[in-house]
Amino acid sequence: MRYITIALSKGRLTELSIDLLEGAGLDCSELKENSRKLILSDEKNKVRFFLAKPADVPVYVEYGAADIGIVGKDTLLEEGRDLYEVLNLGFAKCRMCVAGPRELEGKMDSITITRVATKYPEIARNYFRHKRRESVEIIKLSGSVELAPLVGLSEVIVDLVETGRTLKENGLVVLDTIADISARMVVNRVSMKMENERIRRLIDAIRAQLKE
Ligand code: PRP
């Protein structure tokens, strides 16, 4: 029997992803050790795990280097990879939004936007391409995107909003919601056929916990 390989997102999603896999009957003890080892395994179930930067998880899964991935919908939308999205895991919920200064509230259709700052250039580009006629310049940042309208780098931002606290404390508001975001389970297209039974069983075991 070959190993089924699962790619997990490093960071916010890691702990809850491990809880789900454990709940589905996998032995994650090696994964929970704070070691420098990159590939951890559950020998009994012939499953291997590795942690990767969230943006890399869909890449590993698309190429079949991982059979399964757990990753945020934000990353899936941004990466646009060819994968099966099999489960909405329902945790790490937030919204992908267009946000900007309070003065722009209700004026999105009448103002001219020239620059948009974001960590998600593809999502921002798609949104503005479909929603608006004028072309906007998308400026890619690596974090603290809320800073951009405050210092005049852009009029608006495209970013994740969870509690809304970061926006509020900086005098910014949601101007439009682009998508609801949460953690998802994705599967490589070939693996889904070749290892259908084992992968189905794992999907069912995870789904059963989501209903509880
Ligand atoms: C995320 C996101 C927002 C913030 C939203 O940033 O990009 O900045 O969380 O959360 P809130 O609505 O609960 O305030 P993160 O903390 O990942 O840091 P970053 O901005 O450096 O990416």
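Start with the surface of the whole protein: about 11,700 Å² is exposed, and carbon and sulfur atoms supply 47% of that area. Keep in mind throughout the tour that this is a predicted model.

**The whole chain**

Stay with everything selected. Of the 212 residues, 46% count as buried. Along the principal axes, the C-alpha atoms fill a box of roughly 60 × 35 × 30 Å. Switch to a cartoon view, where the secondary structure comes to nine helices and eleven strands.

Next, colour the charged side chains. There are 34 positive and 33 negative ones, and the centres of the two sets lie 2 Å apart. If your viewer can draw contacts, take those between residues at least 6 apart in sequence: 67% of them join residues at least 24 apart.

**Two domains**

Colour by domain. Domain 1 is made of residues 4-93 together with 182-210, and domain 2 of residues 94-180. The C-alpha centres of domain 1 and domain 2 lie 30 Å apart. Nine residues from domain 1 and ten residues from domain 2 take part in the contact.

How much area is buried between domain 1 and domain 2? It is about 720 Å², with 49% given by carbon and sulfur atoms. On the domain 1 side, select Asp74, Glu78 and Lys93: these lose the most area to domain 2, together 65% of what that side buries.

**Stop one: Ile123**

Go to helix 5, residues 121-131, and pick out Ile123. Is Ile123 buried or exposed? Its relative accessible area is 6%, which is under the 20% cut-off, so Ile123 counts as buried.

Now show what surrounds Ile123. Setting aside residues up to four places away in sequence, Ile123 touches Asp74, Leu77, Glu78, Met96, Val158 and Ile178. Asp74 and Glu78 have already appeared, among the residues of domain 1 that lose the most area to domain 2. For a distance to draw, join the C-alpha atoms of Ile123 and Leu76: they are 10.0 Å apart in space, with the two positions 47 residues apart in sequence numbering.

**Stop two: Leu160**

Move to strand 9, residues 156-161, and select Leu160. Leu160 has a relative accessible area of 25%; this falls between the limits of 20% and 50%, so the residue is partly exposed.

Which residues does Leu160 touch, apart from those up to four places away in sequence? They are Asp74, Cys94, Arg95, Met96, Tyr120 and Ile181. Asp74 and Met96 are also on the list for Ile123. The C-alpha atoms of Leu160 and Ile181 are separated by 8.4 Å, and the two residues are 21 apart along the chain.

**Stop three: Gly72**

Select strand 4, residues 68-72, and find Gly72 in it. At 7% relative accessibility, Gly72 is under the 20% limit and therefore counts as buried. Beyond its neighbours within four places in sequence, Gly72 is in contact with Leu13, Ser182 and Ala183. A further distance to draw runs from Gly72 to Ser9: C-alpha to C-alpha, the two are 8.3 Å apart in space, and they are 63 residues apart in sequence.

**Stop four: two loop residues with positive phi**

The last stop concerns the backbone. Most residues other than glycine have a negative phi. Two residues to look at here are Lys46 and Ala92.

Select Lys46 in the loop between strand 2 (39-42) and strand 3 (47-52). What is the phi of Lys46? It is positive, about 55°, although Lys46 is not a glycine. The side of Lys46 open to the probe is given by a relative accessible area of 25%, and the residue is partly exposed.

Then select Ala92, in the loop between strand 5 (84-88) and strand 6 (94-101). Phi of Ala92 is also positive, near 55°, and this residue too is other than glycine. With a relative accessible area of 34%, Ala92 is partly exposed.

Methods
Residues numbered from 1 in each chain as written. Predicted model: local features only at pLDDT ≥ 70, side-chain atom pairs only at ≥ 80, totals over all residues. Heavy atoms only, no water. Helix = DSSP H or I, 4+ residues; strand = E, 2+ residues; numbered from the N terminus. Buried < 20%, exposed > 50% of the residue type's maximum accessible area, 1.4 Å probe, protein only. Contact = heavy atoms within 4.5 Å. Areas by Shrake-Rupley, 256 points an atom, 1.4 Å probe, with all protein chains shown as cover. Lys, Arg positive; Asp, Glu negative; His and termini not counted. Charge placed at Lys NZ, Arg CZ, Asp CG, Glu CD. Domains from an automatic or database assignment. Buried area = accessible area lost by both parts, 1.4 Å probe.
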